[in-house]
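Colleague: Before I rely on the labels attached to this model, I would like to hear the reasoning behind each of them. Could you take me through them one at a time?

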Amino acid sequence: MKNIVAAFALSLCGILGGCTTPSNVPADHVALEERAPVTILVSIDGFHPDFLDRGLTPTLSRLAADGATAKMRPSFPTKTFPNHWTLVTGLVPDHHGITANRMEDQGRPEEPFSMATVDPYWWNEAKPVWVEAEQAGIRSAAMFWPGSAVPWGGTAVRYGPVEDGILPSDWQQFSMQVSNTQRVNAVLDWLRRPEDIRPQFITLYFDTVDSAGHDGGPESAEVDAALRDVDTHIEHLVEGLSQLGQPANLVIVSDHGMAATSSERVIALDEILADGTYRLVEAGAYATFEPVAGREAYLAAALDADHPHMECWPKEEIPARFEYGSHDRIPPFFCLPETGWTISATRSDVEWTGGNHGYDPFAPEMSALFVANGPAFREGVILEPFQNTVIAPLLRVLIGLPASERADGSLAPVAHALSVQD
Ligand SMILES: [Zn+2]
């Protein structure tokens with residue numbers, strides 16, 4: 001430690017000039033060691049990039065202005081789990097296997113996937129960057145992230161722990177009861193550790209902006225309050241890092257934006273399709289169907305007809321720009337409404353307004369946040385919009401992992417933002 005302090009003091013002298021011995025360094029600097037940058041991937045679920053323009057997020061807006069920023073296009077479907085898995089694997093949902101927030105699979109006939117599922121069976125098709133890091137001896141820690149409590153690559157055993165899986169060195173079971181303050185404090189506490197057990201790659205996840213967006217819609221006072229709150233927590237993170245003398249490359253993203261929804265924009269399936277001809281797998285911002293045996297031709301024809309505010313396809317015919325439809329977990333028939341419309345099994349008399357996502361990833365309302373700030377990034381860079389398959393290749397560069405052989409995106413759209421280019 002003494003050598004590190006001396007080196008730090010000498011380098012200060014070199015930069016500032018005028019001092020000749022380490023004793024000139026102020027006492028409160030003596031405890032500082034020279035730390036390598038940590039990479040922190042932050043997700044603010046449901047944060048639309050235009051939220052930065054509301055004047056409610058001074059810290060995030062400053063990080064964007066002093067670093068690199070872009071409007072990022074989510075992958076399809078614009079739902080939370082598929083996109084968070086894309087962010088850390090670099091593959092689109094059709095390729096990484098988390099094709100929806102709710103999935104069915106013939107390998108798990110009695111246990112459909114829900115967002116609480118940690119059976120590695122569902123996740124093993126694509127390796128997240130923290131597993132790559134752990135395997136390379138780079139310590140990682142997850143303060144929540146979809147899939148981070150899954151022993152990746154392992155095998156579920158009835159009445160026992162998963163066998164042979166890999167987790168981040170530090171992780172936590174997701175709970176909305178863990179406050180945003182606790183989440184930030186957990187990250188800072190990890191970084192207070194001695195170097196040999198300190199993470200070099202960290203994920204941090206906030207769900208409050210998304211919850212407010214669903215409740216009140218993207219223009220609501222609830223969202224404004226959640227934006228102020230999350231910005232305060234980002235400020236605490238940045239201040240805490242500074243107090244620790246911990247340089248950090250922050251990559252702050254969201255998984256999707258948010259569109260206003262209303263009971264005035266509902267498509268009721270029972271007004272379009274005959275009873276007993278289909279089973280609805282998912283509904284809302286899109287709908288997926290299994291036909292009842294023997295009614296496949298009826299369902300195909302009924303869905304193929306013109307429907308106001310909605311388009312439907314057999315999964316094989318979903319337009320190519322969605323990059324979706326080949327995976328076994330995607331049900332045979334698929335409908336996408338106009339952005340802001342809701343597909344529902346039936347119509348209700350209850351009036352409501354709110355917000356939702358899951359729509360066309362090219363819709364402006366679905367756009368996602370990208371802010372990168374730290375020693376690896378140039379200042380004041382505004383990038384052209386890019387798809388979120390870029391994030392995993394970017395993280396690999398920041399962490400020091402080689403490029404992946406299996407990737408749907410490349411570093412190219414963000415290369416201009418990097419301060420040191422290969
Ligand atoms: Zn989300």
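Modeller: What follows is a set of questions about a predicted model, each answered by setting a value against its criterion.

Colleague: What domains does the assignment give, and how far apart are their centres?

Modeller: The domain assignment gives domain 1 (35–259 + 363–417) and domain 2 (264–351), and their centres, taken over C-alpha atoms, are separated by 30 Å. The contact between them takes 20 residues from domain 1 and 18 residues from domain 2.

Colleague: How do you know where the largest cavity lies with respect to the two domains?

Modeller: Its lining consists of Thr99, Ala100, Arg102, Met103, Glu104, Val281, Glu282, Thr288, Tyr324, Arg329, Ile330 and Pro331. Domain 1 (35–259 + 363–417) and domain 2 (264–351) both give residues to that lining, so the largest cavity lies between them. About 60 Å³ of space lies in this cavity, and its lining residues divide into six nonpolar, two polar and four charged.

Colleague: How many cavities of 30 Å³ or more are there, and which residues line the second largest?

Modeller: The count comes to two cavities of 30 Å³ or more, and the second largest holds about 30 Å³ of space. The second largest cavity is lined by Arg73, Pro74, Ser75, Phe76, Arg321, Phe322, Glu323, Pro361, Phe362 and Gln387, which divide into five nonpolar, two polar and three charged residues. At least three residues of this lining come from each of domain 1 (35–259 + 363–417) and domain 2 (264–351).

Colleague: Phe76 appears in that lining; what is the peptide bond from Phe76 to Pro77, cis or trans?

Modeller: The bond from Phe76 to Pro77 is cis, with omega near 0 degrees, and Pro77 is found in the loop between S2 and H3.

Colleague: Why is Asn356 called buried?

Modeller: The relative accessible area of Asn356 is 14%, and buried means under 20%, so Asn356 counts as buried. Asn356 lies in strand S16 (residues 353–356). Leaving aside neighbours within four places in sequence, Asn356 is in contact with Lys79, His214, Met258, Ala259, Thr261, Gly284, Ala285 and Met366.

Colleague: What places the largest nonpolar core with respect to the domains, and which residues have the most contacts inside it?

Modeller: The largest nonpolar core has 54 residues, and those with the most contacts inside it are Val251, Phe370 and Ile391. Strand S2 (68–73), helix H3 (80–89), helix H5 (129–135), strand S8 (248–253), strand S14 (333–337), strand S17 (368–373) and helix H10 (391–399) each supply at least two residues of this core, with H10 giving the most, five residues. Domain 1 (35–259 + 363–417) and domain 2 (264–351) both give residues to this core, so it lies between them. Val251, leaving aside its neighbours within four places in sequence, is in contact with Ile40, Leu41, Val42, Phe370, Val371, Phe377, Ile391, Leu394, Leu395 and Leu398. Apart from this core lies another, of 40 residues, among them Leu56, Leu191, Ala226 and Leu369.

Colleague: What is the phi of Phe144, and why is Phe144 called buried or exposed?

Modeller: Phe144 has a positive phi of about 75 degrees although it is not a glycine, and is found in the loop between strand S3 (140–143) and strand S4 (155–157). Its relative accessible area is 1%, and the limit for buried is under 20%, so Phe144 is buried.

Colleague: What makes Asp164 buried or exposed?

Modeller: Asp164 has a relative accessible area of 68%, and exposed means over 50%, so Asp164 is exposed. Asp164 lies in the loop between strand S5 (160–163) and strand S6 (170–171), and its phi, near 65 degrees, is a positive value in a residue other than glycine.

Colleague: Why does Pro375 count as partly exposed?

Modeller: The relative accessibility of Pro375 is 47%, and partly exposed lies in between under 20% and over 50%, so Pro375 counts as partly exposed. Pro375 is placed in the loop between S17 and strand S18 (381–382). Not counting residues up to four places away in sequence, Pro375 touches Pro37, Pro247, Ala248, Asn249 and Ser419. The C-alpha atoms of Pro375 and Ala248 are separated by 7.2 Å, with the two residues 127 residues apart along the chain.

How values were computed. Residues numbered from 1 in each chain as written. Predicted model: local features only at pLDDT ≥ 70, side-chain atom pairs only at ≥ 80, totals over all residues. Heavy atoms only, no water. 1 Å grid on protein atoms, 1.4 Å probe; cavity = no way out; pocket = protein on both sides within 12 Å on 5 of 7 lines; lining within 4 Å. Points joined across faces, edges and corners; volume = space filled by probe spheres on them. Nonpolar A, V, L, I, M, F, W, Y, C, P; charged D, E, K, R; others polar. Domains from an automatic or database assignment. Helix = DSSP H or I, 4+ residues; strand = E, 2+ residues; numbered from the N terminus. Buried < 20%, exposed > 50% of the residue type's maximum accessible area, 1.4 Å probe, protein only. Contact = heavy atoms within 4.5 Å. Core = buried A, V, L, I, M, F, W, Y, C linked by side-chain atoms within 4.5 Å.
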